[in-house]
Amino acid sequence: MNEAQGHDLAQELHLSPKQISTGLALFYVCYVLFDLPSNLVMTRLSPHVWMSRIVIAVGIIGACMAAIKAAWSLYLTRLLLGIVIAGMWPGMAYYLTLFYPPSRTGKRIGFYFTAAQVSASVVGLVSAGFQEMDGLGGLVGFQWMFLLYGLVGILVGISLLWWLPDRPLAPGETRNRAGWRKWIPQSRPALQGEDAKIHYEDLTRVYRRHAWTLKDLWHVVIDWRVWPLMVMYFGVVGVGIGVQNYGTVIIQGINPNLSGVDLSLLFAPIWVMDLIAILLVTPISDRFHHHRALFFSVPVLLQIAGLLITTYAGSESNPWPRYGGLLIVGFGLGPTVPITMTWTNEIFQPRHGEVGVAAASALVSGLGNLGSILTTYALYTGWPADSVPGPTQYRKSNLVMVGILCLSILSAVSMTVLLRVVGNGSRAKQISSGSSTIDGDGVIVDGAARRDLQERGLGRLWFRR
C-alpha cells in the first residue's frame, strides 16, 4: 500500500523482505501452539462467550498494529495476534457440530469460511480506498486500515454476546447462571418450542455428553487418523496463506509497472473465484459425503494446474495468462479447507465424541498451519534467490507449493484406503451421528445418524436446511 509514496509497511518500518516474512510467520507459530488449548477451553466454557473473547481480542491487537514503528513491534503484535485468534477456525467447526450432524457441516463450514473470502476480496478493494486516505490525520494508509478494522472487530465481538447462540439445551433444561456467568449476557436460543424438541430427538448426541478427561484427550492425540488429515490441511492451507500473503507480490512479478491500487483491485478476483467454488462444491460434497477424498482432490488438482500456468504460461509481451492461473488457484482453494475440517468432524465424532471433534479439528488446523509457516517464511520474498526479478521470478516457490499439494492428494487417497481396510469403528459405546466413511460402524441411535448412512442425492442442494 502506497509504495510509490514511500508509505508502505516495509518502508515506514525500514523492514527487509526477510523481516516481513518473519513477521508473517510468527503469527502462525503461536497459532499452532495455542489452537488445541483454545478449543479445549471452549468445550468447558460457553462457546458464544469464548468466540466473543476471540473476536474482541483480535480487534484490540489489530487496532494496536496501527501504532507499530519498528520490526520488534511488528513481531510482537503478530505473536499476540496468533495467540488470541487461535481456536477461532477449528472452534467454529466444532461449534457447528452442536447444531448439525457432522456429515452436514461441509456446506455450513463452507458458508462460514466464505467470510474469509469476502474479507480477502473486500480488503483488496477497500485497501485501494485506504491508500487514498494516506496522510490524513498524520496516518499512512495501512495505519488507517489496521485502526478501522480493529475497531470494527471490537464492536462485532461485543455484539456476539447477544447475537451468537450458545450450545443447545435439552427441553426443560435451564442454563447454569452461577458465578461469573451471571454477568454474561444471554444470547437468544437458536431453537425454541417444537423445533428444539425435534432437534433434541434428532441429534441426541449433542445433549448426552460427558465431561472429557485427559485420558479421552490422549486417545484423540494418538489416533492415527489425525495425521493424514493434518497433511491434507498442511498443503492446502499453506498454498492458501501463501497466495493470501503474496498474491500481490506474484501479480507485481507479472507486471512490475502496476500501481498499489492496481494490485489491490487485481487481488480481489482471486477470492471471488474462491467464494464461488465454496458455494458450488461444498453442498454437493455433503450430498455425497462418502466421497470426501474425491471432492478434496479434484480442487487440489485445479490448484496445481493454476500454479503451473502461473509459473510457465505467457510471454514477456503478454504475461497475463499467468494471472489467469492465479484465478484458477483461487477457485481450487475454495472447498478444500472446509472439506478437510468436515471430514475431521465425521471421523472423530463417532470415535471420540465431543472432545474428539474439538481436539482433532484443533490438531488438524494447528499442525496443518505449519504449511503456512513454510510458505510465509521460506518462499517468495523470504527466498532471496527466488525473488530476483526476471522470467523465472518465484518459479521455485510456486513449484514447492505444487509439491505440498501433491502430498495433500496422496494423504487423502491414503486416508480413504486405510479407512476401507481398518475402518472407523466407535472407540467407545456412545451415542453418535455415525461415520461418513464406513456404513454400519459406530453405535447408531439418533435420527440424524440413520440418515447419514445413506447417500442423499442432488435434490434441493442449496435450499434445504
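**Exercise 1. Find the helix that holds Ala93, then decide whether Ala93 is buried or exposed.**

Ala93 sits in helix α5, residues 88-96. Helices here are DSSP runs of H or I with at least four residues, numbered from the N terminus. Next, look at the cover: Ala93 has a relative accessible area of 1%. Buried means under 20%, exposed over 50%, and partly exposed in between, with a 1.4 Å probe and protein chains only, so Ala93 is buried. Last, check a partner: the C-alpha atoms of Ala93 and Gly110 are 9.9 Å apart, with their positions 17 residues apart along the chain.

A word on the model: it is predicted, so local features need pLDDT of at least 70 and side-chain atom pairs pLDDT 80 or more, while totals for chains, interfaces and linings use all residues. Numbering runs from 1 along each chain as its sequence is written, and side-chain values use heavy atoms, leaving out hydrogens and water.

**Exercise 2. Work out which elements build the nonpolar surface patch.**

Start with the members: Val29, Leu33, Phe34, Trp72, Leu76, Leu80 and Ile83 make a patch of about 650 Å². Patch residues have over 30% relative accessible area and no salt bridge (a side-chain nitrogen of Lys or Arg within 4 Å of a carboxyl oxygen of Asp or Glu), and nonpolar side chains of Val, Leu, Ile, Met, Phe, Trp or Tyr are joined within 5 Å. Areas come from the Shrake-Rupley method with a 1.4 Å probe. Now sort by element: α2 (17-44) and α4 (71-85) each give two or more residues, and α4 has the largest share, with four. Try one member: Phe34 lies in α2 and is partly exposed, because its relative accessible area is 35%.

**Exercise 3. Describe the second largest cavity: its volume and its lining.**

The structure holds two cavities of 30 Å³ or more. On a 1 Å grid over the protein atoms alone, a cavity is a set of points where a 1.4 Å probe fits but cannot get out, and lining residues have an atom within 4 Å of a point. A volume is the space filled by probe spheres set on the points; for the second largest cavity that is about 40 Å³. Its lining includes Ile250, Arg322, Pro391 and Tyr394. Helices α13 (292-312) and α17 (395-422) each supply at least two lining residues. By type, the lining divides into three nonpolar, five polar and two charged. Here Ala, Val, Leu, Ile, Met, Phe, Trp, Tyr, Cys and Pro count as nonpolar, Asp, Glu, Lys and Arg as charged, and the others, Gly among them, as polar.

How values were computed
Patches are made of residues with over 30% relative accessible area and no salt bridge: like charges are joined within 9 Å, nonpolar side chains (Val, Leu, Ile, Met, Phe, Trp, Tyr) within 5 Å. On a 1 Å grid over the protein atoms alone, a cavity is a set of points where a 1.4 Å probe fits but cannot get out, and a pocket is an open set with protein on both sides within 12 Å along at least five of seven lines; lining residues have an atom within 4 Å of a point.
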